[in-house]
Amino acid sequence: MNDEILPQYDVARQDYSQKEKILLGEMRENLVDLAMSAGENYHISEEKLLNDIKNFLFLRLNENHVSDEYLNSLSGKFLRDIIGYGEIDSLIQDDELEEIMIIGTGKPIFVYHRKYGMMKTNIQFSDEQEIRNLIDSIARQINRRIDQESPILDGRLVDGSRINATIPPVSPDGPSLTIRKFKRDPLTIIDLINSKTISLDLAGFFWLCIDGLGVKSANAIISGGTSSGKTTTLNALSAFINPNERIITIEDTLELQIPHEHVIRMETRPANVENKGELTMNDLVKNSLRQRPDKIIVGEVRGEEAITLFTALNTGHSGFGTLHSNDARETITRLTNRPMSVPKIMIHAIDFIIMQNRIYTPSGVSFRRISEVAEVVGIEEGTVQLNTIFKWNPERDTIDNIGITSNTLTQIANLSGKAINELYYEIENRKLVLKHMINHNIRSVEEVNNVIELYYKKPQKVLNNIILNR
Ligand SMILES: Nc1ncnc2c1ncn2[C@@H]1O[C@H](COP(=O)(O)OP(=O)(O)O)[C@@H](O)[C@H]1O
Ligand SMILES: [Mg+2]
């Protein structure tokens, strides 16, 4: 560990004037009255609430001749104060934060910043009850409860962020809250190339294999540790799926943001209080097979759904999934042992095991790399055979092609009746398209998706445009 003091993250505290404080108080009371009189039927729509606040302020401040700007900005602040997350609201709003950590009273709230790593904020709670109130209000928002009997709350906020809260007796020193934030503007394949998580070569290669030229689209498991960026890489690679394919995604909590038009998103459901109505990952994977999918994407493979998924892959469907493990070999071990118990003979259905790694530097900032791409090539004497085709070189920080011809590429060549060199040529073309996006800062999900979709429809036109614009 470094013994330097952590960098500071300062939040501009909400400083209301005396008059504004009074107005906020009045506004709150009004709302409580409104909610009480409407009873069960009271639903807050953010838009309507903002309007109500504006009207209220307009009437109350009418004779002061305040500007529209002031009115709007104050209304916005009030709205955040009323339906937001109070003290930590500005942390929740900051897309540059990966995590928010509340560890108790008298200690600062910590945040993990995408650029600067771990930081201390200038926010502290002095009273345990304040933290409890925050946790309770979050629990209410998602229709859950946290109490002595069930002192752990694990769930997802409306904005997609994951929360985990604990209270005594599991955390005897007091309540804790960890928020793993959902990135509103997701990282795309272009971002991942720019940050060297993936190389341009590897991205071009994956594009061709995931497309499969209409004869065989590659299946992949993305493996790695917690928070290594598995879901992010899966999401970014999904952009390469042919826009004609019908995609079904299955997740415990909705995280994937796949830009394609033809997507059905499915989410598991826990049992209700009477222990009924549970829908497991496996139920949903089974059901997806009746939905005529081209591509099945399973957010996180960890239980019996693994066999169902592999059965699907062995019967001509294609799919992606993430899995928690530390290296390619361990991925196989985990898949073939309890609780996943996929028969070894079925493992062959995956083409790639993509290892995702998070590397910490002494300064506390971390970066992510695809550290290995292995192909499943067969079984010999009861052992699944793996061929590493790409590997990250930590000294040079490059992802090197090991020089073995990819089995997947050979299959695509055979099935499409093309020479392997023609495929390499096509990979180069696709790298040109990716390079073009990098050079022109085309990086958002929509922009990247548009270019890829256009390339699928009119490859020559896209290439000509790129060459003309050079
Ligand atoms: N390649 C990357 N570069 C920078 N940040 C990343 C990268 N991959 C993931 N992240 C960030 O790390 C956090 C965890 O990523 P996620 O993909 O959910 O990890 P996992 O699925 O392995 O648990 C997210 O906030 C995400 O935005
Ligand atoms: Mg994940």
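**Group meeting: a walk through the model**

Okay, let me start with one residue, S341: it is exposed, because only 12 other C-beta atoms lie within 10 Å. The rule here is that 20 or more other C-beta atoms within 10 Å of a residue's own make it buried, 12 or fewer make it exposed, and anything in between is partly exposed, with C-beta atoms placed from the backbone. S341 also has a positive phi of about 50 degrees although it is not a glycine, and you'll find it in the loop between α11 and α12.

Before I go on, this is a predicted model, where local features need pLDDT of at least 70 and side-chain atom pairs count only at pLDDT 80 or more, while totals for chains, interfaces and linings use all residues. Residues are numbered from 1 along each chain as its sequence is written, chains are lettered from A, and ligands are numbered from 1 in the order in which they are written.

So, the overview. The protein chain has 470 residues, and 32% of them are buried. Its C-alpha trace spans about 80 × 60 × 50 Å along the principal axes. The secondary structure comes to 16 helices and 16 strands; these are DSSP runs numbered from the N terminus, H or I of at least four residues for helices and E of at least two for strands. If you take contacts with a separation of 6 or more, 55% are between residues 24 or more positions apart. A contact means C-beta atoms, placed from the backbone, within 7 Å.

Back to that same loop for a second. P339 sits between α11 (328-336) and α12 (344-347) too, and the peptide bond joining R338 and P339 is cis, with omega about 0 degrees. There's another cis bond from P168 to P169, omega near 10 degrees, and P169 is in the loop between β6 and β7. Why point these out? Most residues other than glycine have a negative phi, and most peptide bonds are trans. N275 goes on the list as well: it isn't a glycine, yet its phi is positive, about 65 degrees. N275 is in the loop between β10 (263-267) and α9 (281-288), and it counts as exposed because it has 8 C-beta neighbours inside 10 Å.

Now the sheet. What is the strand order in the open sheet of seven strands? It goes β1-β4-β3-β2-β7-β6-β5, and the pairing is mixed. At the edges are β1 (8-9) and β5 (152-156), each pairing on one side only. Pairing here needs at least two DSSP bridges between two strands. Inside the sheet, β2 and β3 (residues 108-113) run antiparallel, joined by four bridges, and E99 has Y112 of β3 as its bridge partner.

Helix α5 is my favourite bit. It covers residues 128-141, so 14 residues, and at 1.5 Å a residue it should span 20 Å; the end C-alpha atoms are 20 Å apart, which agrees. That expected span is 1.5 Å times one less than the number of residues. Which residues of α5 are buried? They are I131, I135 and I138. Looking down the axis, the buried residues fall within an arc of 60 degrees, so they line one face of the helix; the arc is taken from the directions from helix axis to C-beta atoms. Among what covers them are β2 (97-102), β6 (162-166) and β7 (176-180). On the other side, Q129, S137 and R140 are exposed. Then α5 is followed by N143, with a positive phi near 60 degrees.

Further along, β8 (residues 220-224) pairs with β13 (residues 352-360) in the parallel sense over five bridges, with I222 bridged to I354 in β13. β13 also pairs with β14 (residues 366-380), this time antiparallel over nine bridges. Those two form a hairpin with five residues between them, and G364 in the turn has a positive phi of about 95 degrees. P362 is in that loop between β13 and β14. With 8 C-beta neighbours inside 10 Å, P362 counts as exposed. The C-alpha atoms of P362 and M346 are separated by 42 Å, although the two are 16 residues apart along the chain.

Last stop, ligand 1. Of the 16 residues around it, T197, G229, K230, T231 and T232 come nearest, where being near means a C-beta atom, placed from the backbone, within 6 Å. Helix α8 (residues 230-238) gives the largest share of that shell, three residues. That's my tour, thanks.

Conventions
Two residues are in contact if their C-beta atoms, placed from the backbone, lie within 7 Å.
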